[in-house]
Amino acid sequence: MGSHTQEIVQLLWCLLLFNIDYIHCETPNVVIVGADCNNNNDCNKVLTCIDQKCKYPCPGPCQGNTTCEVHDHVPYCACKPGFSGNPFTGCQEQAPTPQSCSLLTNRRPSGNKVYRVENFIKVNFFAAFHHCMAHGGRLASIESENDNTQIKAAIMKLGIRNGEFWTAGTNLAQDYWFWMVSGEPLPQYSDWNPGEPNHGLNEHCIVFYEYENKGYRWSDENCMTKLFPICEYFE
């Protein structure tokens, strides 16, 4: 099958999925154009209004070694499995690491940390951990007040108020809080909500939580609750 034929077949699969709210297709050489539009509300949820035409927005801002997923008109970029970095500037291949005990490496990847809120999928803590790893990143850890401020800015940029978001913090199987992605204990800096952690029923994982528009701070939560994950990437 020729490359052009493969692209057409892939395009047809994408079109068959237009009746759902989520699409993940890689069609770098094919442009999908639909009806005329004035804004995104005039388009199917997997299309974006661009230059008054409903168009498939991927790969859009996604650079090298990335995937592009469309959720409610918005393209989301992520590193392909086996790659890490900033998907908006290009992801780099990860050096192979031993599979045993790889969850707690106690090593920080090189580069500057960038946070992204995955506000299209709600999962429990363990699935959030896997989701970030599968997209070339890690579930968010906080090493400083600056990290904490960056995460709050990423949440507020989305305009989501009074929500909850997963971080990598937990005290599962330990008598202290630590970051699951590194095994490191929480830094001296912390940002707990008043009265937290309250060690409620099976609350062993750390979330960013806001109540009555008072600002996002840390709280403990049941690890099986389904929430949006916050992933961290290194560039």
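A pocket is an open set of grid points with protein on both sides within 12 Å along at least five of seven lines. The structure used in these exercises is a predicted model.

**Exercise 1. The second largest pocket**

Task: State how much space lies in the second largest pocket, and describe its lining.

Solution.
Step 1. The volume comes to about 330 Å³.
Step 2. The lining is made of 16 residues. Those nearest the centre of the pocket are Phe 88, Arg 116, Val 117, Lys 157 and Leu 158.
Step 3. Strand S6 (74–79), strand S9 (113–117) and helix H3 (145–157) each contribute at least two lining residues.
Step 4. Sorted by type, the lining holds 12 nonpolar, two polar and two charged residues.

**Exercise 2. Overall make-up**

Task: Which counts of helices and strands does the protein have, and what share of its residues is buried?

Solution.
Step 1. There are three helices and 15 strands.
Step 2. A residue counts as buried under 20% relative accessible area. By this cut-off, 43% of the 235 residues are buried.
Step 3. Now take the contacts between residues at least 6 apart in sequence: 62% of them join residues at least 24 apart.

**Exercise 3. Three disulfides**

Task: How many disulfides does a search of the whole structure find? For the pairs Cys 37 and Cys 49, Cys 43 and Cys 54, and Cys 205 and Cys 223, give the handedness of the link.

Solution.
Step 1. The search finds five disulfides.
Step 2. In the pair Cys 37 and Cys 49, the sulfur atoms are 2.1 Å apart. The angle about the S-S bond is 95°, and the link is right-handed. Cys 37 sits in the loop between strand S2 (33–36) and strand S3 (48–50), while Cys 49 sits in S3, so this disulfide ties together parts 12 residues apart in sequence. Both Cys 37 and Cys 49 are buried.
Step 3. Cys 43 and Cys 54 are joined with an S to S distance of 2.1 Å. Here the angle is -85° and the link is left-handed. Cys 43 belongs to the loop between S2 and S3, and Cys 54 to strand S4 (residues 53–55), 11 residues apart.
Step 4. Cys 205 and Cys 223 are joined with an S to S distance of 2.0 Å. The angle of 100° makes a right-handed link. Cys 205 is in strand S13 (residues 203–209), and Cys 223 is in the loop between strand S14 (217–222) and strand S15 (228–234), 18 residues apart.

**Exercise 4. Buried or exposed?**

Task: Why do Cys 43, Cys 54, Cys 205 and Cys 223 count as buried?

Solution.
Step 1. The cut-off for buried is under 20% relative accessible area.
Step 2. Cys 43 has 9%, so Cys 43 is buried. Cys 54 has 2%, so Cys 54 is buried.
Step 3. Cys 205 has 0% and therefore counts as buried. Cys 223 has 4% and therefore counts as buried.

**Exercise 5. The nonpolar cores**

Task: Which residues of the largest nonpolar core touch the most other members, and which elements supply the core?

Solution.
Step 1. The core has 35 residues, and Leu 139, Phe 208 and Ile 230 touch the most other members.
Step 2. At least two residues of this core come from each of S9, helix H2 (125–134), H3, strand S11 (164–170), strand S12 (178–179), S13 and S15.
Step 3. Another core, of 12 residues, lies apart from it; Cys 37, Val 46, Leu 47 and Cys 68 are among its members.
Step 4. As background, nonpolar side chains tend to be buried together in soluble globular proteins.

**Exercise 6. Backbone exceptions**

Task: Where do Pro 59, Pro 197, Gln 52 and Glu 212 lie, and what marks the backbone at each of them?

Solution.
Step 1. Recall the usual case: most residues other than glycine have a negative phi, and most peptide bonds are trans.
Step 2. The peptide bond from Cys 58 to Pro 59 is cis, with omega near 0°. Pro 59 is in the loop between S4 and strand S5 (66–71).
Step 3. The bond joining Glu 196 and Pro 197 is cis as well, with omega about -5°. Pro 197 is in the loop between S12 and S13.
Step 4. Gln 52 has a positive phi, near 65°, and lies in the loop between S3 and S4. Its relative accessible area is 53%, so Gln 52 is exposed.
Step 5. Glu 212 has a positive phi, near 55°, and lies in the loop between S13 and S14. Its relative accessibility is 48%, so Glu 212 counts as partly exposed.

How values were computed
Residues numbered from 1 in each chain as written. Predicted model: local features only at pLDDT ≥ 70, side-chain atom pairs only at ≥ 80, totals over all residues. Heavy atoms only, no water. 1 Å grid on protein atoms, 1.4 Å probe; cavity = no way out; pocket = protein on both sides within 12 Å on 5 of 7 lines; lining within 4 Å. Points joined across faces, edges and corners; volume = space filled by probe spheres on them. Helix = DSSP H or I, 4+ residues; strand = E, 2+ residues; numbered from the N terminus. Nonpolar A, V, L, I, M, F, W, Y, C, P; charged D, E, K, R; others polar. Disulfide = S-S within 2.5 Å. Buried < 20%, exposed > 50% of the residue type's maximum accessible area, 1.4 Å probe, protein only. Core = buried A, V, L, I, M, F, W, Y, C linked by side-chain atoms within 4.5 Å. Contact = heavy atoms within 4.5 Å.
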